[in-house]
Amino acid sequence: MVRTPLTPEERERGERLGRLLRAARGGRSMSEVAAAAGLSAETLRKIETGRAPTPAFFTVAALASVLGLSLDEVAGHCTPLPA
């Protein structure tokens, strides 16, 4: 099965998500947050750096919960403003 390449908009959305998560993590270590969300630190690193721009919904939900973000906040931050 071949994956369809991501559009520039999808990549940008992933980068916005990564910036939001990094900012919300603050001074907590990547390992601490990842473990609390049930993820590996490498998975969190990939999401934060935009190398995994389309994480699964439940991954985003777990991270949002650990970081004290609502899913509405996450969606609002990652949705581009209308042109």
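## Notebook: helix H1 and its surroundings

I counted the salt bridges before anything else, and the total came to five. I note at the outset that the model is predicted.

**Entry: the helix itself**

I looked up the extent of H1 and found that Arg 25 belongs to this helix, which covers residues 8-25. H1 has 18 residues, and the distance from its first C-alpha to its last is 26 Å. That span is close to the 26 Å expected at 1.5 Å a residue. After H1 comes Gly 26, and I recorded a positive phi for Gly 26, near 55 degrees.

**Entry: what H1 buries**

Which residues of H1 are buried? I listed Gly 14, Arg 16, Leu 17, Gly 18, Leu 20, Leu 21 and Arg 25. I then asked what covers these buried residues. The cover includes H2, helix H3 (41-49), helix H4 (57-67) and helix H5 (71-78). Two arginines stand in the list of buried residues, Arg 16 and Arg 25, and I took each in turn.

**Entry: Arg 25**

Is Arg 25 buried or exposed? Arg 25 has a relative accessibility of 13%, and therefore counts as buried, the cut-off for buried being under 20%. I looked for a polar partner of its side chain. A polar atom of the Arg 25 side chain lies 2.9 Å from the backbone oxygen of Arg 28. Beyond the neighbours within four places in sequence, Arg 25 is in contact with Met 30, Val 33, Leu 44, Glu 48 and Leu 67. I placed some of these partners by helix: Met 30 falls in H2, which runs over residues 30-37, and Leu 44 and Glu 48 fall in H3 (41-49). Leu 67 falls in H4 (57-67).

**Entry: Arg 16 and its salt bridges**

Arg 16 also lies in helix H1. Its relative accessible area is 13%, so Arg 16 is buried. With neighbours within four places in sequence left aside, I found Arg 16 in contact with His 77, Cys 78, Thr 79 and Pro 80. Of these partners, His 77 and Cys 78 fall within helix H5 (71-78).

Which residue forms a salt bridge with Arg 16? The partner is Glu 12, and the closest N and O atoms are 3.4 Å apart. Glu 12 and Arg 16 are both in helix H1 and stand four residues apart, about one turn of the helix. I recalled the general reason for such a placement: an α-helix has 3.6 residues a turn, so residues three or four places apart point the same way. I recalled as well that side chains of opposite charge can pair when their charged atoms come close.

Glu 12 has a second salt-bridge entry in my notes, with Arg 19, where the closest N and O atoms are 3.2 Å apart. I checked the exposure of both residues. Glu 12 is at 31% relative accessibility and so counts as partly exposed. Arg 19 is at 39%, and therefore counts as partly exposed too.

**Entry: a salt bridge elsewhere, and the network**

I next recorded a salt bridge between the side chains of Arg 51 and Glu 42, at 3.0 Å from N to O. Arg 51 counts as exposed because its relative accessibility is 54%. Glu 42, at 32%, counts as partly exposed. Returning to H1, I noted that shared salt-bridge partners join Glu 12, Arg 16 and Arg 19 into one network.

**Entry: Ala 24**

Ala 24 lies in helix H1. Its relative accessibility is 26%, so Ala 24 counts as partly exposed. Which residues does Ala 24 touch, not counting those up to four places away in sequence? I found Leu 67 and Leu 69. Leu 67 is thus a contact of Ala 24 and also of Arg 25. I also compared Ala 24 with Ala 64: they are 40 residues apart in sequence, and 8.9 Å separates their C-alpha atoms in space.

**Entry: Ala 35 and a surface patch**

Ala 35 lies in helix H2. With a relative accessible area of 56%, Ala 35 is exposed. I checked its distance to Val 66, which is 31 residues away in sequence, and obtained 9.7 Å from C-alpha to C-alpha.

Finally, I looked for nonpolar surface. Phe 57, Phe 58 and Leu 71 make a nonpolar patch of about 360 Å². Leu 71 lies in helix H5, and counts as partly exposed because its relative accessibility is 38%.

How values were computed. Residues numbered from 1 in each chain as written. Predicted model: local features only at pLDDT ≥ 70, side-chain atom pairs only at ≥ 80, totals over all residues. Heavy atoms only, no water. Buried < 20%, exposed > 50% of the residue type's maximum accessible area, 1.4 Å probe, protein only. Polar contact = N/O pair within 3.5 Å; in protein donor to acceptor, adjacent residues only side chain to side chain. Contact = heavy atoms within 4.5 Å. Expected span 1.5 Å × (residues − 1). Patch = residues over 30% accessible without salt bridge, like charges linked within 9 Å, V, L, I, M, F, W, Y side chains within 5 Å. Areas by Shrake-Rupley, 256 points an atom, 1.4 Å probe, with all protein chains shown as cover. Salt bridge = Lys/Arg side-chain N within 4 Å of Asp/Glu carboxyl O.
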